[in-house]
Amino acid sequence: MFLTEKSFNHIIDTINMLGIEADKIIITGSVALCAYGLKREFNDVDIIVINPTRGSWSDFLSEYGEKDTESTYERVKVGKAGLEIDILKDNYVALDPVVSIGMGFSQEYYLDRLENIIAAKHGCNRQKDMNDFSEMISTITNLCE
């Protein structure tokens with residue numbers, strides 16, 4: 001899926017419908033790379049929720065299923081409004097995200113820092129992440145020419 005203003009607003013609306021209460025909700029992964037202009041398309045939406053309220057996260061887990069304990073983060077996969085959303089829970093405040101996205105909701109949304117996304121993709125070392133690096137290098141090379 002291509003990231004357009006309409007699809008980005010749909011992503012934010014869908015995340016907002018989930019009703020997660022947290023200190024921060026950070027959009028990361030391929031959607032953030034598309035927003036930075038380093039990737040053309042995304043297949044899913046990755047978000048990090050920082051310090052979600054205990055009741056909010058418990059309610060969320062009971063509604064959408066069990067957490068995935070195979071990764072470092074607590075993670076829940078949600079299919080909603082035509083989107084696959086991976087929600088990662090984090091209990092600390094990392095480096096501040098670069099961009100606060102003011103969308104008029106009570107919850108603020110942020111775009112993850114590029115260095116955090118790259119570090120996470122290096123850590124996963126999946127083929128799809130290697131493909132993302134190739135696409136980013138190609139995009140940057142074309143910009144420099």
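Of the 145 residues in this protein, 40% count as buried. The model is a predicted one, and it contains five helices and six strands. Those elements follow one another along the sequence in the order α-β-α-β-α-β-β-β-β-α-α. Among contacts with a separation of 6 or more, residues 24 or more positions apart account for 60%. Here is a tour, topic by topic.

**The nonpolar cores**

- The largest nonpolar core holds 32 residues. Within this core, the residues with the most contacts are Ile20, Ile27, Val45, Ile47 and Ile87.
- A second core, separate from that one, has five residues, including Ile26, Ile48, Ile50 and Leu88.
- Ile20 is a good place to start exploring. Setting aside neighbours within four places in sequence, Ile20 is in contact with Ile25, Ile47, Val49, Ser56, Phe60, Ile87 and Gln107. Two of these partners, Ile47 and Ile87, are themselves listed with Ile20 among the residues with the most contacts in the largest core.
- As general background, nonpolar side chains in soluble globular proteins tend to be buried together.

**Helix 3 and its two sides**

- Helix 3 spans residues 54–64, and its Ser56, Trp57, Phe60 and Leu61 are buried. These residues lie on the same side of helix 3, because they cover an arc of only 130° around the axis.
- For readers who like the geometry, an α-helix has 3.6 residues a turn, so residues three or four places apart point the same way.
- On the other side of helix 3, the exposed residues are Arg54, Asp59, Ser62 and Glu63.
- What do the buried residues of helix 3 pack against? Their partners are strand 2 (45–52), strand 3 (74–80) and strand 4 (83–90).
- Two of the buried residues of helix 3, Ser56 and Phe60, also appear among the contacts of Ile20.

**Acidic residues that are buried**

- Asp86 is part of strand 4. With a relative accessibility of 9%, Asp86 counts as buried, because the cut-off for buried is under 20%.
- Beyond residues up to four places away in sequence, Asp86 touches Asp44, Val45, Asp46, Ile47, Arg75, Val76 and Lys77. Val45 and Ile47 from that list are also among the residues with the most contacts in the largest nonpolar core.
- Asp129 sits in helix 5, which covers residues 127–144. Its relative accessible area is 0%, so Asp129 is buried.
- Leaving out residues up to four places away in sequence, Asp129 touches Lys121 and Cys124.
- Asp129 and Ile118 are eleven residues apart along the chain, and their C-alpha atoms are separated by 9.0 Å.

**Residues with a positive phi**

- Asn51, a residue of strand 2, has a phi near 50°, which is a positive value in a residue other than glycine.
- Is Asn51 buried or partly exposed? Asn51 is partly exposed, because its relative accessibility is 23% and the partly exposed range runs between the 20% and 50% cut-offs.
- The C-alpha atoms of Asn51 and Lys24 are separated by 7.4 Å, although these residues are 27 places apart along the chain.
- Ala81 lies in the loop between strand 3 and strand 4. The phi of Ala81 is near 55°, again positive in a residue other than glycine.
- With a relative accessible area of 39%, Ala81 is partly exposed.

**Rings, charges and cysteines**

- Lys24 appears here too: its charged end sits over the ring of Tyr110, 5.2 Å from the ring centre.
- How many aromatic pairs does a search of the whole structure find? The search finds zero aromatic pairs.
- The count of disulfides also comes to zero. In general, a disulfide is a covalent bond between the sulfur atoms of two cysteines.
- Cys34 is buried, because its relative accessible area of 11% falls under the 20% cut-off.
- Cys144, in contrast, is exposed, with a relative accessible area of 65%, which is over the 50% cut-off.

Terms used:
Residues numbered from 1 in each chain as written. Predicted model: local features only at pLDDT ≥ 70, side-chain atom pairs only at ≥ 80, totals over all residues. Heavy atoms only, no water. Phe/Tyr/Trp six-rings, centres within 6.5 Å; stacked < 30°, edge-to-face > 60°. Lys NZ or Arg CZ within 6 Å of the ring centre and 35° of its normal. Core = buried A, V, L, I, M, F, W, Y, C linked by side-chain atoms within 4.5 Å. Buried < 20%, exposed > 50% of the residue type's maximum accessible area, 1.4 Å probe, protein only. Contact = heavy atoms within 4.5 Å. Disulfide = S-S within 2.5 Å. Helix = DSSP H or I, 4+ residues; strand = E, 2+ residues; numbered from the N terminus. Arc of directions from axis to C-beta.
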